[in-house]
Amino acid sequence: MEDNYRHKGMRQRLIGELRRKGIKNEAVLRAFWEVPRHWFLDKAFADLAYEDNAFPIECDQTISQPYTVARMTELLEVEKRHKVLEIGTGSGYQAAILAALGAQVYTIERQKVLYEKTKAILARIGFSRIRCYYRDGSSGLPGSAPFDRIIVTAAAPRVPEILVNQLREGGKMVIPVGEDIQHMMRITRLADGSTKTERFGQYRFVPFVEGLGEG
Ligand code: SAH
């Protein structure tokens, strides 16, 4: 896959924009540099890959806005070798950013077309270590739990208890919660089994849907 000086220039500009918008975590910004976002969109849209916008992908879904990916990743406080579960593989871009940070990534997608296409792209661009699953993310991934971190990239009407229970003690989950507009929430699972909830501004995501996709 090509990554030429134009792509690199546009990517550098995008990273500058993310800094101006308040992203401070240098490891996260480095991951944005290391993962060419245009590889996750059809070739015709390569230039648009470096605008700070969400973009439509297959199955009526979207690749999240770069700022949103950066902010969620920053809030997740990922460390090297963390076991991270992502619900909503979509284009695979968020999963690749997590892998670039050194995480061991498990990602679940309910749309078969997306699951297949993205799994192939990730393997082609050197991210075959990301484990992709075609499943309903509502039940998480009990066989691989507990996770250090869980990130949900679709809007859930409420915090899914099943996912909280798949966090290890001290583990954190970042998830947009709400119907029309979502609040970004960070849930930390504490030692006594209770949770701490923090909120970080408003976002708009495609919905978290229970069950497998039709396609
Ligand atoms: N992280 C993605 C964002 C994709 S949009 C990226 O970087 O491109 C959200 C994705 O969540 C969609 O692909 C949608 O199909 C998926 N999704 C929604 N509900 C789901 C569920 N219950 N289980 C698994 N995936 C789900």
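Here's a quick briefing on how a few helices pack in this structure, plus some backbone spots worth a look. Keep in mind that the model is predicted. Helix α4 (residues 93–100) comes up twice, packing with α2 (residues 26–34) at about 120° and with α3 at about 40°. Beyond the helices, there's a cis peptide bond from Ala 145 to Pro 146, and Cys 59 has a positive phi, as does Glu 77.

**α2 against α4**

- The axes of α2 and α4 sit 9 Å apart, at an angle of about 120°. That angle makes α2 oblique to α4.
- As for handedness, α2 passes α4 in a right-handed crossing.
- On the α2 side, the contact is made by Ala 31, Phe 32 and Glu 34. On the α4 side, the residues are Tyr 93, Ile 97 and Ala 100.
- Sorted by class, this contact of α2 with α4 has 5 nonpolar residues, no polar ones and 1 charged.

**The buried face of α2**

- Val 28, Leu 29, Ala 31 and Phe 32 are the buried residues of α2. Looking down the axis of α2, these buried residues fall within an arc of 155°, so they line one face of the helix.
- What covers them? The cover over the buried residues of α2 includes α1 (5–20), α3 (66–76) and α4.
- Two of the names recur: Ala 31 and Phe 32 are buried, and Ala 31 and Phe 32 also take part in the contact with α4.

**α3 and its packing on α4**

- α3 is mostly covered, with 10 of its 11 residues buried. Among them are Pro 66, Tyr 67, Thr 68 and Ala 70, along with Glu 74 and Leu 75.
- α3 packs with α4 at about 40°, and their axes are 11 Å apart. So α3 counts as oblique to α4.
- The crossing of α3 and α4 is right-handed.
- From α3, the contact uses Val 69, Met 72, Thr 73 and Leu 76. From α4, Tyr 93, Gln 94, Ile 97 and Leu 98 join in.
- By class, the contact of α3 with α4 splits into 6 nonpolar, 2 polar and no charged residues.
- Val 69, Met 72, Thr 73 and Leu 76 also appear among the buried residues of α3.
- Tyr 93 and Ile 97 of α4 turn up in the contact with α3, and Tyr 93 and Ile 97 are in the α2 contact as well.

**Backbone spots to check**

- Some background first: most residues other than glycine have a negative phi, and most peptide bonds are trans.
- Glu 77 comes just after α3 and takes a positive phi of about 50°. Glu 77 lies in the loop between α3 and β3 (83–87), and is partly exposed, with a relative accessible area of 37%.
- Cys 59 has a phi near 60°. Cys 59 lies in the loop between β1 (55–56) and β2 (62–63), and at 27% relative accessibility counts as partly exposed.
- The peptide bond from Ala 145 to Pro 146 is cis, with omega near 5°. Pro 146 lies in the loop between β5 (131–134) and β6 (147–152).

**Gln 111**

- Where does Gln 111 lie? Gln 111 is in the loop between β4 (104–109) and α5 (112–124).
- Gln 111 is buried, with a relative accessible area of 11%.
- Gln 111 and Ser 128 are 17 residues apart along the chain, and their C-alpha atoms are separated by 19 Å.

Note on methods
Residues numbered from 1 in each chain as written. Predicted model: local features only at pLDDT ≥ 70, side-chain atom pairs only at ≥ 80, totals over all residues. Heavy atoms only, no water. Axes fitted to C-alpha atoms, helices over the stretch in contact; angles between N-to-C directions. Helix = DSSP H or I, 4+ residues; strand = E, 2+ residues; numbered from the N terminus. Parallel < 35°, antiparallel > 145°, perpendicular 65-115°, else oblique. Left-handed = near helix turned anticlockwise from the far one by under 90°. Contact = heavy atoms within 4.5 Å. Nonpolar A, V, L, I, M, F, W, Y, C, P; charged D, E, K, R; others polar. Buried < 20%, exposed > 50% of the residue type's maximum accessible area, 1.4 Å probe, protein only. Arc of directions from axis to C-beta.
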